[in-house]
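Hi everyone, thanks for making room for me today. I'd like to walk you through one structure, step by step, so please have the picture open while I talk.

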Amino acid sequence: SLKGDSVPVDYLGIDISKSDFHAHLLQSGSSAKRTFPNSSAGYGQLQRWLSNRKASGVHACMEATGAYWIGLAAYLYDHSACVSVVNPARIKNFARSQMRRTKTDGVDAQIIAQFCQTQTPVLWKPPAKEILEIRAILAYRNQLIAERHRVRQLASTIYEARVVQDRTSSHIAALNDLIDGVDGQLHALIKQTPAIADAVQRLAGIPGVGQLSAAAIFAQLPLDQLRNSKAAAAYAGLCPSDRQSGTSIHGKSRLSKMGNADLRKALYMPAVSVLRTTSSLAQFAARLRSRGKPGKVIVAALMRKILTIAYAVLKSGKPYVEALNA
């Protein structure tokens with residue numbers, strides 16, 4: 001069995017995709033590799049493989065690629081392995097530092113194992129079941145919204161084929177029903193847990209933040225892993241990335257975007273919506289505009305401002321106004 005309660009001595013790099021994952025195991029003086037299906041059966045095969053190789057104190061590491069990693073990471077965690085889930089950019093930069101020119105799934109798994117062995121990445125633990133459910137529902141809802149937008153665009157190009165117009169109208173109506181049903185499921189899920197309902201309600205008190213955005217921000221912001229609002233901004237990829245070298249290179253600062261893209265998406269619409277309010281956030285945006293800041297910069301600044309407030313609201317357990325004065 002895997003032994004996450006001891007000091008890790010064996011390092012497992014995993015390169016994962018939708019259908020399978022490549023595993024590379026580094027043990028004292030030896031290494032091994034194998035491919036498994038990305039399914040519950042494959043997870044069991046991995047555990048037996050590690051047991052057969054007498055893997056001890058396994059520290060597994062994988063990239064945060066889409067949602068493909070979640071099942072395996074949770075399985076390893078439940079079976080007492082130490083697990084790290086890292087930003088793919090860190091692995092890419094590590095591979096460059098090792099002067100690796102070959103890129104295959106097997107090589108990537110080896111690189112991840114070496115990264116885990118030498119860099120000691122932070123350990124991961126799965127969010128609460130309710131958080132995972134909220135994330136899953138919101139991800140499904142986003143897919144439905146994207147599909148509805150695609151069908152509406154298609155319908156706008158059809159003028160003569162009446163039959164096709166009728167079908168696209170029916171398709172849009174069906175998508176609207178699905179979205180309404182998903183919204184109902186999400187609200188019911190949030191209400192089931194009073195602590196979550198209270199947190200979402202407090203977040204929804206921030207100007208520009210609606211119930212859906214509040215649920216998304218709450219589900220994507222790992223409060224227990226972030227020591228302050230600056231760490232939250234870095235986690236979301238909302239920190240400026242400067243580009244300067246010597247006296248000749250003075251590039252414009254840009255958002256790093258090396259963080260949780262889903263959290264940034266959750267903050268975008270509130271930042272746009274707050275521009276239509278008379279709140280202090282809208283006044284903050286007006287000051288930036290008066291200083292000649294472009295629209296994208298203003299929206300990015302609002303996203304970070306809203307995230308900072310959301311962090312304070314959740315950390316303090318107080319409503320919006322009280323959190324600001326805490």
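**Cysteines, a sheet and its helices**

Let's begin with the cysteines: searching the whole structure turns up 0 disulfides. As a reminder, a disulfide is a covalent bond that links the sulfur atoms of two cysteines. And please keep in mind that what you see is a predicted model.

Take Cys61. Which cysteine sulfur is nearest to that of Cys61? The sulfur of Cys116, 4.8 Å away, and Cys61 is in no disulfide. A pair would have to lie within 2.5 Å to count as one. Cys116 is likewise in no disulfide, with the sulfur of Cys61 as its nearest cysteine sulfur. Are these two residues buried or exposed? Cys61 has 0% relative accessibility, so it counts as buried. Cys116 is buried as well, with a relative accessible area of 1%.

Now for the sheet. It is open, has 5 strands, and its order is β3-β2-β1-β4-β5, with mixed pairing. Which strands stand at the edges? Those are β3, residues 30–37, and β5, residues 82–86; each has a single partner strand, so one side of each has no neighbour in the sheet. On average, neighbouring strands here are turned by 20° against each other, if we ignore direction.

Let's look at β1, residues 10–16. It runs antiparallel to β2, residues 20–27, and 6 bridges join the two. They form a hairpin, with 3 residues between them. If you want to find this pairing on your screen, Ile16 stands opposite Phe21 in β2, and Gly13 stands opposite His24 in β2. With β4, strand β1 pairs in the parallel sense, over 5 bridges. There, Ile14 stands opposite Met62 in β4.

How many of the residues of β1 are buried? The count is 7 of the 7, so this strand is largely enclosed by the rest of the structure. In a regular strand, side chains alternate between the two faces of the sheet. In β1, Asp10, Leu12, Ile14 and Ile16 point one way, while Tyr11, Gly13 and Asp15 point the other way.

I'd like to pause at Asp15, which is found in strand β1. Asp15 is buried, with a relative accessible area of 9%. What does Asp15 touch, not counting residues up to four places away in sequence? Its contacts are Asp20, Phe21, His22, Glu63, Asp105, Asp108, Ala109 and Ile112.

Next, a pair of helices. Two packed helices are described by the angle between their axes and the distance between those axes. For α8, residues 211–220, and α10, residues 261–273, the axes come within 9 Å and cross at roughly 150°. Angles over 145 degrees count as roughly antiparallel, which makes α8 roughly antiparallel to α10. On the α8 side, Ser213, Ala216, Ile217 and Gln220 make the contact. On the α10 side, it is made by Asp262, Leu263, Ala266, Leu267 and Pro270. The crossing of α8 past α10 is left-handed.

To finish, let me go back to where we started: Cys61 and Cys116 are both without a disulfide, and the whole structure has 0 of them. Thanks for listening!

Methods: Residues are numbered from 1 along each chain as its sequence is written. This is a predicted model: local features need pLDDT of at least 70, side-chain atom pairs count only at pLDDT 80 or more; totals for chains, interfaces and linings use all residues. Side-chain values use heavy atoms; hydrogens and water are left out. Two strands pair if DSSP finds at least two bridges between them. Helices (H or I, at least four residues) and strands (E, at least two) are DSSP runs, numbered from the N terminus. Axes are lines fitted to C-alpha atoms, for helices over the stretch in contact, and angles run from 0 to 180 degrees between N-to-C directions. Buried means under 20% relative accessible area, exposed over 50%, partly exposed in between (1.4 Å probe, protein chains only). Contact means heavy atoms within 4.5 Å. Angles under 35 degrees count as roughly parallel, over 145 as roughly antiparallel, 65 to 115 as roughly perpendicular and the rest as oblique. A crossing is left-handed if the near helix is turned anticlockwise from the far one by less than a right angle, and right-handed if clockwise.
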